[in-house]
Amino acid sequence: MRSAQQILAEAGVIAVVGASRDPGKPAHSVPLSMQRYGWRIIPVNPVADELFGERVYRSLAEIPHPVDLVDVFRPAEDAVAVVRDAVAIGAPAVWLQLGIVSGEARRIAEEAGIDYVEDACLAVERAAAGLSRRD
């Protein structure tokens, strides 16, 4: 299994489940920060149409191209279904944001052989590793 920093270093496209329209929430500021450092962010939200200058999809299954990482800004009880969806679309890695922990989601990811990170912030890990996808 890859480390959190390896996952970020190798990912180019990040689907963000639970991306928020509210600039005051981490589910908005974290994906926006990652986008500014060069990652392509694909927002997944059932009510928004556009976020971060990108089309918003209602579900992971609607995204018409591969994603390298599924980032989850949803409560732990929702993470299980999101991880199942991530496995179904062939995502190689799932990341549950800070404060989100799910033994069941971890089990599903491990059984599917995909990388799994929980209770960690993308932006914090990116900064700690000094990572950027900008040239």
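These are my notebook entries on a predicted model, covering its cores, strands, helices and a few single residues.

**Entry 1: the cores**

I started with the largest nonpolar core, which has 27 residues. The members touching the most other members are I14, L69, W95 and L122. Then I asked which elements give two or more residues to this core. They are α1 (4-10), β1 (13-17), α2 (26-36), β6 (93-96) and α5 (122-129). Of these, α2 gives the most, with four residues.

I pulled up W95 next. Leaving out residues up to four places away in sequence, W95 touches A4 and L8. On the same list I found L69, V70, D71 and V72, then V117, A120, C121, L122 and E125.

Apart from the largest core there is another one, of 25 residues. Its members include V70, A109, I114 and Y116.

**Entry 2: β6 and its partners**

Is β6 covered on one face or on both? Both: A93 and W95 are buried on one side, and V94 and L96 are buried on the other.

I then went through the pairing. β5 (residues 69-72) runs parallel to β6, with three bridges between them. V70 sits opposite V94 of β6. To get from β5 to β6 the chain passes through helix α3 (residues 76-88), and this β-α-β crossover is right-handed.

β6 also pairs with β7 (residues 115-117), again parallel and over three bridges. Here A93 has D115 of β7 as its bridge partner. With helix α4 (residues 103-112) in the middle, β6 and β7 form a β-α-β unit that is right-handed too.

**Entry 3: helix α3**

I checked the length of α3. Its 13 residues span 19 Å from first C-alpha to last, close to the 18 Å expected at 1.5 Å a residue.

Which residues of α3 are buried? I noted A79, V80, V82, V83 and A86. An α-helix has 3.6 residues a turn, so residues three or four places apart point the same way. Covering the buried residues of α3 are, among others, β1, β5, β6, α4 and β7. Just after α3 I found G90 with a positive phi of about 80°.

I picked V80, which is in α3, for a closer look. V80 counts as buried because its relative accessible area is 15%, with the cut-off at under 20%. Beyond four places in sequence, V80 touches S102, E104, A105 and I108. The C-alpha atoms of V80 and I108 are 7.7 Å apart, although 28 residues separate the two in sequence.

**Entry 4: β1, α2 and β2**

Next I looked at strand β2 (residues 40-44). Four of its five residues are buried, so β2 is largely enclosed by the rest of the structure. β1 and β2 run parallel and are joined by five bridges. One pair I wrote down is I14 with its bridge partner I41 in β2. The chain goes from β1 through α2 to β2, and the crossover is right-handed.

For α2, the buried residues are A27, H28, V30, P31, L32, M34 and Q35. What covers them includes α1, β1, β2, β3 (50-51), β4 and α5. Just after α2, G38 has a positive phi, of about 105°.

**Entry 5: two loop residues**

S20 is in the loop between β1 and α2. Buried or exposed? S20 counts as buried, because its relative accessibility is 10%. A polar atom of the S20 side chain lies 3.0 Å from the backbone nitrogen of D22. Setting aside neighbours within four places in sequence, I listed K25, A27, H28, N45, L51 and F52 as contacts of S20. Of these, A27 and H28 are among the buried residues of α2.

V67 is in another loop, the one between β4 (54-55) and β5. With a relative accessibility of 6%, V67 counts as buried. What is V67 in contact with, leaving aside neighbours within four places in sequence? I found V13, A15, I89, A91 and P92. I also checked V67 against I42: 25 residues apart along the chain, with their C-alpha atoms 8.5 Å apart.

Definitions and conventions: Residues are numbered from 1 along each chain as its sequence is written. This is a predicted model: local features need pLDDT of at least 70, side-chain atom pairs count only at pLDDT 80 or more; totals for chains, interfaces and linings use all residues. Side-chain values use heavy atoms; hydrogens and water are left out. A nonpolar core is a set of buried Ala, Val, Leu, Ile, Met, Phe, Trp, Tyr and Cys residues joined through side-chain atoms within 4.5 Å. Buried means under 20% relative accessible area, exposed over 50%, partly exposed in between (1.4 Å probe, protein chains only). Contact means heavy atoms within 4.5 Å. A polar contact is a pair of N or O atoms within 3.5 Å; within protein, one must be able to donate a hydrogen and the other to accept it, and residues adjacent in sequence count only if both atoms are side-chain atoms. Two strands pair if DSSP finds at least two bridges between them. A crossover is right-handed if, with the strands pointing away from the viewer, the path from the first strand over the helix to the second runs clockwise. The expected span of a helix is 1.5 Å times one less than its number of residues.
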